[in-house]
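Here is my note on this structure. Please read it with the sequence and the 3D view side by side.

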Amino acid sequence: MTRQPFTVNGREYRPPAEPVVVICVDGSEPAYHEQALAAGRMPWLAKAGQDGLSNWPAHCAMPALTNPNNVSIATGRPPRDHGISGNYILDPDSGQEVLMNDKAFLRIPTIFAAAVAAGYDAAVITAKDKLRRLLGAGLVESGPALDGSGGEHVPEWRGICFSAEKADRATVADNGIGDVLDYVGRPLPEVYSADLSEFVLAAGVRLLADRRPDLLYLSLTDYIQHKHAPGTEVANDFYAMIDNYAGQLDALGAVVVITADHGMSAKSDAAGAPRVIYVEEEANRVLDGAASRVILPITDPYTVHHGALGSFASVYLPDGADPAVVGSALARIEGVQAVHTRADAADRYALPPDRIGDLVVLAEKGYALGRYPAWHDLGQLDAPLRSHGALGELNIPFLINRELPRPADLEQDIAEPACVHNYDAFWVATTGLTAGADHAG
């Protein structure tokens, strides 16, 4: 068949003859694979570096969290466009605090939905089911209109989308595939385990060998990264496992991209105690009797990882409060890197202004942000806190098993230099590969 390009969200995608596989290693700051490589634990990646590999400095989208960045990778656009501003949000329509797991929050279609509509085959396998519910829109069920009109698109032909977490419940009717445990040949993994990620990769290899989808997205979990620093034995074992499966995907002829949704940083002091700034408590002290409302967008159903402590917070102020006064006071607290007004944060970090607070607070790399002490159950933490959300976790890997010219540096000054975003992954592996890489835009 003639491989025709397709356009979605203002970008043209020209798939190559080979299948394209993007692996999102959740929570993977570059030091993880760099130290595993140095320890000799990633032989495929070492050989790929000799045979022809593009290894570029990259940034994730802000906030440096799972849902916004996976949806950015899936749409090729930042949160300003797709609308997913966190794992958790104060819904401006209802005034309720809700998880952003529902496709109703999506404002634009995914690359996968557009690919399937253009006659390509696409498959998505996520570790956690919270992402499956977002990324399956337009792929295995209705989703946002492909033309950006705000309507609904119902796929005439469907791809595959399921999670490792609920692989035993996948059906052809709902997920495009059934009997997944037998198909993959592995038991249902525990949610809080490295096995959850390995199931995703094993399923991806099986699917590529059997069905050869044109586009395949494999999204892992950051269970290991929340507990183990780069270079530790457990972390190196995990990256050796990733290396093994990436090698299998490469051997099957795929264009393989390895990137991440965000990095990860230690948030504890030398004794192992979390270094936490309780933003709502601090804001209320400034307001002197009035009450603020702080949303921590890292919050999700899997708080054993992090106790809902990240490094990005939205502050909603009561009527009459002066954002400049509150923001100035918060900015003076040790461990706070920056405080932005809604308009400044939306412009600087490409965020949807209606889904962030009056103020946005960012913590320095070694600190975490909370609401107030009683809101967090830190008894769940069984290791020194490691978490993410802000500029300290912006740098991520971007590796592709093809030799391409490096794009120009991104025109921004919010963190260390980079030349590509994680949400450029499918563009680089399709149009960038077939036409020669230029600045991804």
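1. Start with the core. The largest nonpolar core has 62 residues, and F6, Y217, L362 and F426 touch the most other members. A nonpolar core here is a set of buried Ala, Val, Leu, Ile, Met, Phe, Trp, Tyr and Cys residues joined through side-chain atoms within 4.5 Å. Buried means under 20% relative accessible area (1.4 Å probe, protein chains only). A second, separate core has 48 residues, including A123, A127, I177 and L201.

2. A word on the model. It is predicted: local features need pLDDT of at least 70, side-chain atom pairs count only at pLDDT 80 or more, and totals for chains, interfaces and linings use all residues. Residues are numbered from 1 along each chain as its sequence is written, and side-chain values use heavy atoms, leaving out hydrogens and water.

3. Look at Y217. Among its contacts (heavy atoms within 4.5 Å) are V22, C24, F112, I125 and F426, not counting residues up to four places away in sequence.

4. Now the sheet. Seven strands (DSSP E runs of at least two residues, numbered from the N terminus) form an open sheet in the order 4-23-13-3-12-8-11, with mixed pairing. Strand 4 (54-55) and strand 11 (160-163) stand at the edges with a single partner strand each, so one side of each lacks a neighbour in the sheet.

5. Strands 8 (residues 122-126) and 12 (residues 215-219) pair in the parallel sense over 5 bridges. Pairing requires at least two DSSP bridges. I125 has L218 in strand 12 as its bridge partner.

6. How many disulfides does the structure hold? It holds 0; a disulfide needs two cysteine sulfur atoms within 2.5 Å. The sulfur of C161 is 14 Å from the closest cysteine sulfur, in C24, so it is too far for a bond. C161 is also buried, at 0% relative accessible area.

Key. Helices (H or I, at least four residues) and strands (E, at least two) are DSSP runs, numbered from the N terminus. Buried means under 20% relative accessible area, exposed over 50%, partly exposed in between (1.4 Å probe, protein chains only).
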